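Student: Could you take me through this structure, and tell me how each label is earned as we go?

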Amino acid sequence: MALLLARRALLAGGRRAPRAPARPRGERRLSPLGTFSPPLLPPPPRRAPSLPALPAAPPAARLCSGAAGEAAAAAGGAGALLRHLCRKLRASGPVTVAEYMREALTNPAQGYYTRRGGIGESGDFITSPEISQVFGELIGIWYISEWMAMGKPNTFQLVELGPGRGTLTEDILRVFSQLSSVLSKCDVSVHLVEVSPKLGEIQAQMLTGGKVQPSPKDESAYMKGMSKTGIPIFWYRDIQDVPSGYSFYLAHEFFDALPIHKFQRTEKGWREVLVDIDPEAPDQLRFVLSPSSTPATENFIQPEETRDHVEVCPEAGVIIQRLACRIEKDGGAALVADYGHDGTKTDTFRGFQNHKLHDVLSAPGTADLTADVDFSYLRKMTQERTTTLGPIKQREFLKNMGIDLRLQVLLQNSRDTATREQLLRSYDMLMNPENMGDCFNFFALLPHHRLVHPDKKDKPESKSPLPPVAGFNELLLK
Ligand code: SAH
C-alpha cells in the first residue's frame, strides 16, 4: 500500500521537458540466415607471420591487448584500428567474431566505446532512457518497490552496468530524491561499471556536475564523486571490483554490447565463424568458417540444437553468473533490459553508425556493434541460484509499471502543443510494437525467497496471494 501511495505521488509529480526521439537500433532486422554463408577456410597451415615485430601474446589471449591497441592508437585516424587488426591477422591468422567485436568496441585506444560511444540523437543510436525521462522514473520505482517488498533493508547499492551517458541513473536518482521520505532511513550508494573513460567523463558530468576525484590506486573504484542529490557514486571497470553487499543491479542495453561467438552448421558439422583479411582486397575484412571445430564449438553448441546458425556470448554468461551468486549471497535483485530472444534467433550481429545499419566488418571502431541477447542462455547461466522472471516485452513491463498514468499527468501539465506532441512521440517509440515495444524485453533475477509467501513456509495451505513483482505483474493503480 505504501508503495502504491508513493508510486501514485511520483507518477502525478512534476514535469520536465521530454527528450527528442530518434530511431532506436533494436527495431532493425538483419538479413535472414540464408544469406549468411561465409566461405569455408582452407585447412591450416596458418599464414606465416609477415610482420617481424608484433608483441608476443599467448594464443588464447585477448586480441585486445593494451600495448598493441595503444600502438594502433598512436598511428591515429579512423583506419588505425583496421590497420592494427590486419597486422594481427597477417601475423597469427583469423580471429573469432568475439575477439573482433571486443577489439572493435573496447580496444583501449581505438575501440568504439573507448573513443566515441555515440549514444543519443547526435550519435549513432538512441536508447530508451535518452528518449524519455519516464523510462528511468519507472525503473526507479521498480527498485523502490522491490526494496519495500524485501523488508526495507537499511542499506543498498544501485549498481549499473554500462551506464552510457548516465541518463538512466540520473532519472532513477531523481525518483529516489522525490521519494526521500520513503528512503529516509536507508543508506544508498551508486556503483557504475564502465570501461569507456570517455563515457565515464560524460556520466561524471551528468551525475555530479563534474565534481569527481580519481580514487587512490589501492581502492577498487577508479573514480568517485557525489550526486547532485547527495548520494556517493563510484566507478569501476569490472563488476568484480564492486564491493559485495545488498545490491540492485541494472543492465540496460549492456549485454548486447558484449562479444559473441558465431557458429554455422555445415555438412561436416558445426564450424565457428571467424574474421579474416579478404584476399581479394587486403585492406578489407571478411567472414570465413573454421576448417575444423574450435574449442568454442565443442563448448557452446548443445547436442539438441536445431538451428543452423547460433550466437553465444560467454562473457554475458559469466557476468550473469556473478550477479546470481551475489544476489544469492548478499540479497538484492537484477533488472536486465535489452533486445533479444529466448534461444530462437540466429544471425543478429549488426552495426550502427549515424542511426543507420553499418557493415560490421567495415571501418571497425567507428560504428556500434551489437547482437540480440539470448535470455534462455542468461537463465541457464544463473544455475538456479536465483529465480528469474521474463523476458517480457517492454510495452507490457512499462504498462504494468503505470506508464499510461504518467503520460496522462505529463500531458495535463504541459501547456504547449509541441511538448505534448513530443510526449506522445516518445511514448509511441517506447511502447509501439513496431518500434521498441515488442523487441525490447525485461528480465529479472530475484532471490528465491522473494517469491515464496512468508505464510506458506509455515502454512502451506495458505491461500493469500504472493507479493507481486512490479512490472512482471499488473499492479492495481487506483
Ligand atoms: N545503458 C546505456 C548505454 C548502453 S551502450 C543506455 O541504455 O543508454 C553500452 C554501454 O556499456 C556503454 O556505456 C559502454 O561503454 C558500456 N560497455 C560496453 N562494454 C563494456 C564492458 N565490457 N564492461 C563495462 N562496460 C561496457
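Tutor: What follows is a conversation about labels and the values behind them. This is a predicted model, in which local features need pLDDT of at least 70 and side-chain atom pairs count only at pLDDT 80 or more, while totals for chains, interfaces and linings use all residues. Residues are numbered from 1 along each chain as its sequence is written, and side-chain values use heavy atoms, with hydrogens and water left out.

Student: Why is Q157 called buried or exposed, whichever applies?

Tutor: Buried means under 20% relative accessible area, exposed means over 50%, and partly exposed is in between, with a 1.4 Å probe and protein chains only. Q157 has 9% relative accessibility, and therefore it counts as buried. Its place is in strand β2, where a strand is a DSSP run of E with at least two residues, a helix is a run of H or I with at least four, and both are numbered from the N terminus.

Student: What makes the approach of Q157 to H191 a polar contact?

Tutor: A polar contact is a pair of N or O atoms within 3.5 Å; within protein, one must be able to donate a hydrogen and the other to accept it, and residues adjacent in sequence count only if both atoms are side-chain atoms. The side chains of Q157 and H191 are joined by such a contact at 3.3 Å. The side chain of Q157 also reaches the backbone oxygen of P243, at 3.0 Å.

Student: What class of exposure does R165 have, and why?

Tutor: R165, which is found in the loop between β2 and α8, has 28% relative accessibility, so it counts as partly exposed. In sequence R165 and L207 are 42 residues apart, and in space their C-alpha atoms are 9.4 Å apart.

Student: How do you know that the length of helix α8 agrees with what its residues should span?

Tutor: The expected span of a helix is 1.5 Å times one less than its number of residues. For the 12 residues of α8, residues 167-178, this gives 16 Å, and the end C-alpha atoms are 17 Å apart, which agrees.

Student: Why is α8 described as mostly covered?

Tutor: The description rests on a count, in which 10 of the 12 residues of α8 are buried. Among them are T167, L168, I172 and F176.

Student: Which residues come nearest to the ligand?

Tutor: A residue is near a molecule if one of its heavy atoms lies within 4 Å of it. Of the 17 residues around the ligand, T127, G162, G164, E194 and H252 come nearest. A polar side-chain atom of T127 lies 2.6 Å from an oxygen atom of the ligand, one of E194 lies 2.5 Å from a ligand oxygen atom, and one of H252 lies 2.6 Å from a ligand oxygen atom.

Student: What makes one space a pocket and another a cavity?

Tutor: On a 1 Å grid over the protein atoms alone, a cavity is a set of points where a 1.4 Å probe fits but cannot get out, whereas a pocket is an open set with protein on both sides within 12 Å along at least five of seven lines, and lining residues have an atom within 4 Å of a point. Grid points are joined across faces, edges and corners, and a volume is the space filled by probe spheres set on the points. The second largest pocket holds about 960 Å³ of space. It is lined by 42 residues, of which T106, E194, V195, F254 and L258 lie nearest its centre.

Student: Which residues line the largest cavity?

Tutor: The structure holds 1 cavity of 30 Å³ or more, and the largest cavity has a volume of about 60 Å³. Its lining is made of S132, V134, I403, L407, L423, S426, Y427 and L430. Helix α16 gives the most to this lining, with 4 residues.

Student: Where is E253 found, and why is it classed as it is?

Tutor: E253 is found in the loop between β7 (247-252) and β8 (261-266). With 7% relative accessibility, E253 counts as buried. Its phi is near 50°, a positive value in a residue other than glycine.

Student: What class does Q383 have, and why?

Tutor: Q383 has 45% relative accessibility, so it counts as partly exposed. The residue is found in the loop between α13 (375-381) and β17, and phi of Q383 is near 50°.
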